[in-house]
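User: Please take a close look at one loop of this model and tell me what its backbone is doing. Then walk me outward from there, so that I can place that spot in the whole assembly.

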2 protein chains.
Amino acid sequence: MRLATFRRHSDEPHVRQVGLVLGQGDHLRVHPFDAGFDLVELLAESPEWRDSQADVAAAKDGLALDDIVLLPPVYPVAMRDFLTFEAHVDGMERGHGNPGPPAEWYDAPVFLFMAPHAVTGPYDDVAMPPDTERLDFELEIAAIVCRDVRDVTPEQARAAIGGYCVMNDWSARDVQGKEMRLKLGPSKGKDFATTIGPWVVTADELDGCRDEDGFLDLEMSVKVNDERVGGDRSGHMGWSFEQLVSHASRASWVKAGEVLASGTCSTGSLAEAWGRTGSLTPPPLQVGDVVEMTIERLGTIRNTVVAGEEPVAAVAPARRRVREEV
Amino acid sequence: MRLATFRRHSDEPHVRQVGLVLGQGDHLRVHPFDAGFDLVELLAESPEWRDSQADVAAAKDGLALDDIVLLPPVYPVAMRDFLTFEAHVDGMERGHGNPGPPAEWYDAPVFLFMAPHAVTGPYDDVAMPPDTERLDFELEIAAIVCRDVRDVTPEQARAAIGGYCVMNDWSARDVQGKEMRLKLGPSKGKDFATTIGPWVVTADELDGCRDEDGFLDLEMSVKVNDERVGGDRSGHMGWSFEQLVSHASRASWVKAGEVLASGTCSTGSLAEAWGRTGSLTPPPLQVGDVVEMTIERLGTIRNTVVAGEEPVAAVAPARRRVREEV
């Protein structure tokens with residue numbers, strides 16, 4: 001089942017409604033659930049109950065994509081981004097002059113918390129952030145958590161994953177590179193936009209897409225201005241999403257409404273190519289570029305880079321103080 | 001004005017109520033606001049309106065601390081931790097064999113997003129996390145955001161900061177150290193507990209505590225088992241909280257209910273001493289240790305380290321895959 005969050009063009013900007021997605025291409029329609037349905041709560045219900053409610057929605061008139069704005073399917077209560085594709089880490093490390101992934105990469109799946117308020121809709125324009133000449137994309141697959149869990153095994157974690165979607169973790173590589181010298185990871189280099197969508201495909205719908213180890217194995221690809229620039233398979237993740245949830249839940253809460261993302265797949269960003277070749281080829285994204293990402297069974301997100309509004313002035317450099325003992 | 005979040009011992013575990021804190025020491029009492037009051041909304045109101053509501057609460061019977069559990073004053077919608085104390089960065093960098101803060105530290109205040117579900121109350125026990133032999137604390141001051149802002153100047157940001165509290169960003173240094181080799185910052189090394197409290201002191205109450213540049217200048221100190229082990233002044237931050245909000249808001253949302261923290265003050269963690277001296281002196285925290293942090297005007301948080309429950313097993317190492325072109 002495909003579940004979208006949307007508003008009609010005539011709705012107030014704060015309106016969010018959940019819809020059932022049926023059909024394909026020009027025949028695709030979004031059939032509204034009754035107001036009050038929450039997408040994450042629907043994911044937590046049994047497939048049978050969800051089906052019964054979907055039957056009610058399907059019986060109503062569907063809306064064409066032209067009639068609505070698709071919103072981010074969820075506004076995450078927290079968002080974690082992992083680093084699970086070995087070949088991507090390999091390329092990035094080579095860019096830093098290292099021979100390949102450090103030994104620590106293989107031990108456990110590291111992650112960072114992302115800017116939860118930066119999510120944008122699947123077809124929204126993305127504004128060029130300030131201070132960058134190296135705007136990049138990151139092709140990722142994301143899981144939506146539908147139950148609160150803590151200290152769960154991968155097997156137990158499976159029931160906590162409600163569905164999956166496509167994600168583009170937009171990144172300003174020059175900003176990020178400076179910030180990461182402080183060892184805390186990126187901050188302003190990644191907090192301006194994270195595209196998720198186009199909708200959530202429920203986990204039960206993808207049971208047939210798992211490999212012999214239970215890893216979800218879907219083809220992923222990215223185009224810039226209609227030209228394919230990269231792609232991979234989600235089966236190349238070093239850990240399954242169930243393992244990611246289990247790891248995150250060790251002595252810590254993972255909560256309903258969280259989004260956990262795979263990290264960039266191999267060739268799913270420009271920076272990996274820059275790292276491997278030592279040159280800015282393909283070139284950084286410019287205003288007017290269109291980035292389109294498709295994951296098999298999950299759908300396509302497509303966004304145009306537009307000029308940003310004038311930002312507030314950068315803050316002054318640090319005030320230097322000689323520390324006095326207190 | 002001091003505003004606390006609490007529940008009575010007889011309340012259901014999910015109950016949260018806001019209270020006005022009056023008095024000191026044994027005479028301290030928490031006077032409940034009517035149910036339905038939200039702490040962040042109260043911070044966003046005018047001082048005059050807040051005072052009028054506080055008068056109503058003050059007229060009711062106050063509760064002694066023995067009658068209640070103080071909860072984290074807010075459950076953050078997002079939590080950012082900065083790195084604003086030059087002398088702390090200096091000590092940590094020396095631990096990595098570097099001569100001092102990198103030049104990038106002075107340019108702009110970097111931050112990371114923290115685990116928002118890990119906040120714990122001001123007197124709660126803290127469970128020893130798994131896999132660590134180097135548990136540490138971090139003495140920080142935190143601001144609570146009460147309005148949604150984007151692209152605001154430091155001057156405009158002032159109205160978005162509702163109040164301040166003490167924060168202990170508990171850290172497992174050995175776990176964190178391994179994770180940070182992947183360049184994304186810490187993940188499991190810091191996601192098990194972040195203590196905030198004991199309550200929020202409203203920003204207007206602290207107007208007299210600013211230095212000539214407008215930086216909040218409060219004495220901060222930390223004791224382990226009643227022995228003072230470190231301290232600093234918030235005036236030694238490289239940027240004011242207003243500058244931190246302004247920086248975070250550049251081309252990005254900072255939302256009501258967010259918590260923004262200063263990062264560790266100098267001598268406000270054991271790791272800084274370890275970095276400076278090259279030895280584990282003072283020793284890492286052990287079960288039974290009591291960590292007490294006090295910030296002038298803001299109050300004291302006090303937590304005992306207790307044994308953790310048996311965690312779920314660690315996930316398997318990464319599945320290695322030779323990448324096939326797709």
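Analyst:
**A loop and its surroundings**

Lys183(A) sits in the loop that runs between helix H6 (173-180) and strand E14 (194-202) of chain A. Please keep in mind that everything here describes a predicted model. What makes this lysine worth a look is its backbone: phi of Lys183(A) is near 75 degrees, which is a positive value in a residue other than glycine. Is the residue buried or exposed? With a relative accessible area of 24%, Lys183(A) falls in between and counts as partly exposed, because the buried class ends at 20% and the exposed class begins over 50%.

Now let's step back to the chain that carries this loop. Chain A contains eight helices and 20 strands. Its radius of gyration is 20 Å, close to the 20 Å that the globule rule gives for 326 residues, so chain A is as compact as a globular protein of that length. Along its principal axes, the C-alpha trace spans about 65 × 50 × 45 Å. Of the 326 residues in chain A, 59% count as buried. If we take contacts between residues at least 6 apart in sequence, 73% of them join residues at least 24 apart. On the outside, chain A exposes about 12600 Å², and carbon and sulfur atoms supply 48% of that area. The chain has 32 positive and 54 negative charges, and the mean positions of the two sets are 6 Å apart.

Within chain A, helix H3 (residues 86-95) gives a good view of the packing. Its buried residues are Glu86(A), His88(A), Val89(A), Asp90(A), Gly91(A) and Glu93(A). In general, an α-helix has 3.6 residues a turn, so residues three or four places apart point the same way. The buried residues of H3(A) pack against helix H4 (103-107) and helix H8 (270-277) of chain A. After H3(A) comes Gly97(A), and here too phi is positive, near 85 degrees.

H8 leads us to another backbone feature. The loop between H8 and strand E19 (290-295) of chain A holds Pro282(A), and the peptide bond from Thr281(A) to Pro282(A) is cis, with omega near -5 degrees. Chain B has a cis bond between Thr281(B) and Pro282(B), with omega about -5 degrees; Pro282(B) lies in the loop between helix H8 (270-277) and strand E19 (290-295) of chain B.

For a contrast in exposure, try Gln24(A), which is found in the loop between strand E2 (17-22) and strand E3 (29-32) of chain A. Gln24(A) counts as exposed because its relative accessibility of 56% is over the 50% cut-off. Its C-alpha lies 30 Å from that of Pro116(A), a residue 92 places away in sequence.

How do the two chains relate to each other? A turn of 180 degrees with a shift of 0.0 Å along the axis lays chain B on chain A with an RMSD of 0.0 Å. The two copies are thus related as by a two-fold rotation axis. Among the residues of chain B, Gly185(B) comes closest to that axis, with its C-alpha at 2.2 Å. The two copies use the same surface, since 99% of the contact residues of chain B recur in chain A.

Chain B also has loops that repay a visit. Asn225(B) belongs to the loop between strand E15 (219-224) and strand E16 (227-233) of chain B. Its phi is near 50 degrees, again positive in a residue other than glycine, and its relative accessible area of 40% makes Asn225(B) partly exposed.

Finally, the loop between strand E10 (139-145) and strand E11 (149-150) of chain B holds Asp148(B), and Cys146(B) is placed in the loop between E10 and E11 as well. Asp148(B) is partly exposed at 44% relative accessible area, whereas Cys146(B) is buried at 6%. Setting aside neighbours within four places in sequence, Asp148(B) touches Trp253(B), Val254(B), Lys255(B) and Ala256(B). On the same basis, the contacts of Cys146(B) include Val40(B), Leu43(B), Ile161(B) and Ala256(B). Ala256(B) is therefore a contact of Asp148(B) and of Cys146(B) alike.

How values were computed: Residues numbered from 1 in each chain as written. Chains lettered and ligands numbered in written order. Predicted model: local features only at pLDDT ≥ 70, side-chain atom pairs only at ≥ 80, totals over all residues. Heavy atoms only, no water. Helix = DSSP H or I, 4+ residues; strand = E, 2+ residues; numbered from the N terminus. Rg over C-alpha atoms; globule rule 2.2 N^0.38 Å. Buried < 20%, exposed > 50% of the residue type's maximum accessible area, 1.4 Å probe, protein only. Contact = heavy atoms within 4.5 Å. Areas by Shrake-Rupley, 256 points an atom, 1.4 Å probe, with all protein chains shown as cover. Lys, Arg positive; Asp, Glu negative; His and termini not counted. Charge placed at Lys NZ, Arg CZ, Asp CG, Glu CD. Least-squares fit on C-alpha atoms with pLDDT ≥ 70 in both.
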